[in-house]
Amino acid sequence: MPSRQIRFTIDASPPSRLDKALARDVPEEASLSRTRLARLISEGVVQVNGQPQTDPKARVDAGAEITIDVEEARESHILPEDIALDVVHEDADLIVVNKPAGLVVHPAPGTPSGTLVNALLAHCGDDLSGVGGLKRPGIVHRIDKDTSGLLVVAKSDAAHHGLAAQFEAHRVERYYNAVVYGVPDGNDPRLRGVKGVSFEPGHILKITTQLARHKTDRQRQAVLFEGGRHAVTRARTVERFGRPPVLALLECWLETGRTHQIRVHLAHAGHGLVGDPTYGGKRKLPAKSLDAAAAQAVAAFPRQALHAAVLGFEHPVTGANLRFEAPLPQDLSELLGSVRA
């Protein structure tokens, strides 16, 4: 296989462990993540002063000369498929798509094909320069199968490395539209009694908990207050529906990005998403709060009413500030039209 050679010198300061020293001192333009460097060490293609080294904990001194032979990207085992994509932005390093509800992001045992990754392999073709040693799109974040909206995907190692760092540091702007049962209200005594729920100035609902996989249902996430992963969601009410109001359109934004975060957080606050089969459930709305057609539209909505509407980040290669917006898809627009009537 063709390869490229990366040469550099270990800096004068600690750490002395090989894996940590490489992660710190490898040239930025090499675009090698910690995970990729660990794999390269194990493959025996990292040389220290001309000698191959496969122990990530091996001592390495200041001034040591490092040589890494990196193979050019190999073809992925995932097959390209001709699936239509709504491309919002594309350049040499990344692509932003508006994902429709119903499309799984990445192949998995239950969904081996027909995914966004299969579609991207066909769409991008030879434009994929390689992520992690494979010619594949770099998935740095996901949205659920039945959530619609914006997703950014890396086409190169440099973009993958830079985007992943921004997501890890919570520097990516992400806003969602959600249709929920009830209307979050800071004066609601019930909400004031829900642990982890508070209100910030401007009537901003804030939900702060830990999240972890449910103990008995592995497809769900559970709210915890010890253990798990820290999660913070904020939301504000954009519009109310019904007389008296029984539904609300929320604008939600993420401080962290955990699996199912908005869905499980809003359900914890007692404002589950319309159509959410996992957390929202089906609720019986008060009689005459909506007309019959609107109530039927709510009851029949086939997916969680959640849309990733805004995505903003710094371009990982050029440094330009990018921000994209995706309008509500037809099914959510029709739902809102029904409940407004």
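Me: Why does Leu116 count as buried?
Reply: Happy to help! This is a predicted model, where local features need pLDDT of at least 70, side-chain atom pairs count only at pLDDT 80 or more, and totals for chains, interfaces and linings use all residues. Residues are numbered from 1 along each chain as its sequence is written, and side-chain values use heavy atoms, leaving out hydrogens and water. Buried means under 20% relative accessible area (exposed is over 50%, partly exposed in between; 1.4 Å probe, protein chains only), so Leu116 counts as buried because its relative accessibility is 1%.

Me: Which helix holds Leu116?
Reply: Helices here are DSSP runs of H or I with at least four residues, and strands are runs of E with at least two, numbered from the N terminus. By that numbering, the place of Leu116 is in helix H3.

Me: How many of the nine residues of H3 are buried?
Reply: The buried ones are Leu116, Val117, Asn118, Ala119, Leu120, Leu121 and Cys124. H3 is therefore mostly covered by the under 20% cut-off, and the number of its nine residues that are buried is seven.

Me: Which residues touch the most other members of the largest nonpolar core?
Reply: A nonpolar core is a set of buried Ala, Val, Leu, Ile, Met, Phe, Trp, Tyr and Cys residues joined through side-chain atoms within 4.5 Å. The largest one has 34 residues, and those touching the most other members are Tyr176, Cys252 and Leu266.

Me: Which element gives the largest share of this core?
Reply: Elements giving two or more residues include strand E7 (94-99) and helix H3 (116-124). The largest share is five residues, and it comes from H3.
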